[in-house]
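Student: Could you pick one part of this model and take me through it closely? I'd like the surroundings too, so I can find my way at the graphics screen.

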Amino acid sequence: GDVRLWGGRFADGPAEALAKLSASVHFDWRLAPYDIAGSRAHARVLNKAGLLTEDELTRMIDGLDRLEADVAAGTFTGTIADEDVHTALERGLLERLGPDLGGKLRAGRSRNDQVATLFRMYLRDHARIIGGLIADLQDALVGLAEAHPDVAMPGRTHLQHAQPVLFAHHVLAHVQSLSRDAERLRQWDERTAVSPYGSGALAGSSLGLDPEAVAKDLGFEHGSAGNSIDGTASRDFVAEFAFITAMIGVNLSRIAEEIIIWNTKEFSFVTLHDAFSTGSSIMPQKKNPDIAELARGKSGRLIGNLSGLMATLKALPLAYNRDLQEDKEPVFDSCDQLEVLLPAFTGMMATLTVNRERMEELAPAGFSLATDIAEWLVKQGVPFRVAHEVAGECVKVAEAEGKELDGLTDEQFAKISAHLTPEVRSVLNVPGALASRSGRGGTAPGAVAVQLAELKADVATQ
Ligand code: ARG
């Protein structure tokens with residue numbers, strides 16, 4: 001029969017063009033298990049309010065259980081004619097319980113408060129899944145750092161040689177930003193633990209239902225919405241989720257870009273495992289970093305999901321507007337993309353091999369120890385302004401002679417400045433330069449070991 005929700009005042013059913021435009025069942029079907037959980041909680045508050053007898057409640061829950069099993073088995077699905085997941089499941093319930101009992105569940109709720117609640121439940125579950133996948137990546141990166149505690153590499157700014165750093169220090173910098181992403185997800189979850197169920201279409205319900213009981217039933221730790229208009233119309237929780245997932249994408253893209261560069265013939269810092277790289281259909285010698293490139297590409301898509309959503313929300317008047325149906329596909333996509341990307345990315349990072357010789361050969365190149373000369377002079381009492389000049393002069397002479405800094409003779413040092421005694425050579429080597437940066441957060445092996453222990457503890461408690 002006609003399952004339209006608003007049959008009463010309409011003489012005609014919807015035009016086919018409208019039905020096609022309106023339908024969301026092809027993408028909101030993934031909310032079905034949450035919708036059924038919401039229906040169970042709603043049936044219980046209807047019972048508490050005296051609007052469903054004990055017997056009706058038992059049969060209602062049984063009908064919902066059977067519907068849930070059929071949804072899980074794929075024997076019940078929504079169609080375009082249902083419009084959305086909520087309507088489809090109402091039809092399923094009516095088919096199972098008959099119109100008299102099945103028709104009672106819709107009292108005191110609206111698809112507006114339903115969808116706002118279910119969407120929160122779905123995203124909260126996926127925030128946990130994505131958080132777990134981030135922890136796996138952090139484990140892989142921590143493992144990479146731990147396996148190479150003493151490998152030096154050229155640290156760069158502006159992509160130019162700057163100062164030598166430990167490879168482990170560089171890798172752990174990425175773990176730090178991922179830790180903040182994981183923390184963002186946890187804080188978002190905390191803010192999102194509020195249930196809009198009971199807000200009705202926008203104004204609440206006159207039926208004496210208990211929104212706090214529903215919130216508790218559905219696992220919303222911070223209870224029910226304090227304002228039914230806000231409960232049904234706000235989507236900042238979606239936008240914030242889209243931002244966090246976009247930020248994760250951006251952070252992955254920064255690791256990805258480095259892997260792509262490090263994997264070139266010119267750098268040759270890393271070799272990717274065969275299982276996590278791809279070949280070329282025409283060039284037999286090729287081994288491409290496709291996972292890293294897809295991470296770089298998908299980060300653009302995740303940013304697009306965020307910006308599209310913000311544009312949809314901008315200037316929407318209160319309360320619910322149908323525009324809000326456009327809120328789901330972008331973030332469903334963000335979840336889907338990260339949930340396929342992160343495991344592949346973790347595999348790539350966990351299996352790559354590090355070319356220690358190459359990194360260490362380049363660590364002192366490009367006069368990257370010039371700062372060490374300047375800081376050594378400061379320790380001899382030379383003002384930094386002068387020390388900087390003197391070290392710059394050393395670079396000028398070395399560059400002109402095609403030497404590295406430690407290739408300068410004692411005479412050349414002495415000629416540049418009387419302060420440059422042969423003892424300066426003690427800092428003109430990479431291990432010395434690394435060891436000297438021993439303050440908190442520095443690249444000295446001891447400081448990096450402290451950082452590693454802190455991050456391991458942090459990841460373990462995520
Ligand atoms: N499918 C809609 C959405 O995703 C929920 C239905 C609310 N529709 C309405 N006409 N009030 O936002």
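**Where domain 2 and domain 3 meet**

Tutor: Let's start with the record: UniProt, in an unreviewed entry, puts "domain: Fumarate lyase N-terminal" at residues 15-304 (positions follow the numbering used here, feature names are shortened, and annotations may be inferred rather than shown by experiment). Mind that this is a predicted model, where local features need pLDDT of at least 70 and side-chain atom pairs count only at pLDDT 80 or more, while totals for chains, interfaces and linings use all residues. Numbering runs from 1 along each chain as its sequence is written.

That 15-304 span is 63% helix and 5% strand, with its end C-alpha atoms 32 Å apart (helices are DSSP runs of H or I with at least four residues, strands are E runs of at least two, both numbered from the N terminus). The same unreviewed entry type covers residues 367-434 with "domain: Argininosuccinate lyase C-terminal", and there you get 59% helix, 0% strand and end C-alpha atoms 15 Å apart.

Now for the domain split, which comes from an automatic or database assignment: domain 1 is 7-107, domain 2 is 112-148 + 162-361, and domain 3 is 363-460. The C-alpha centres of domain 2 and domain 3 sit 39 Å from each other. Where they touch, 18 residues of domain 2 contact 16 residues of domain 3 (contact being C-beta atoms, placed from the backbone, within 7 Å). On the domain 2 side, the elements that put in two or more residues are helix 6 (111-147), strand 2 (160-166), helix 7 (167-191) and helix 13 (356-362). Helix 6 gives the most, with 6 residues. By class, that side has 11 nonpolar, 4 polar and 3 charged residues (Ala, Val, Leu, Ile, Met, Phe, Trp, Tyr, Cys and Pro are nonpolar, Asp, Glu, Lys and Arg charged, and the others, Gly among them, polar).

Follow strand 2 back and you reach the loop between strand 1 (152-157) and strand 2, home to His158. His158 isn't a glycine, yet its phi is positive at about 55°. Leu159 is found in the loop between strand 1 and strand 2 too, and its phi is also positive, near 65°. His158 counts as exposed because it has just 6 C-beta neighbours inside 10 Å, and Leu159 is exposed with 7 other C-beta atoms within 10 Å (12 or fewer is exposed, 20 or more is buried, in between is partly exposed, with C-beta atoms placed from the backbone).

Zooming out, the protein chain has 18 helices and 4 strands. Its radius of gyration, taken over C-alpha atoms, is 31 Å, well over the 23 Å from the globule rule for 462 residues, so the chain is more spread out than a compact globule; the rule is 2.2 Å times the number of residues to the power 0.38. The C-alpha atoms fill a box of roughly 100 × 55 × 40 Å along the principal axes, and 39% of the 462 residues count as buried.

Terms used
Contact = placed C-beta atoms within 7 Å.
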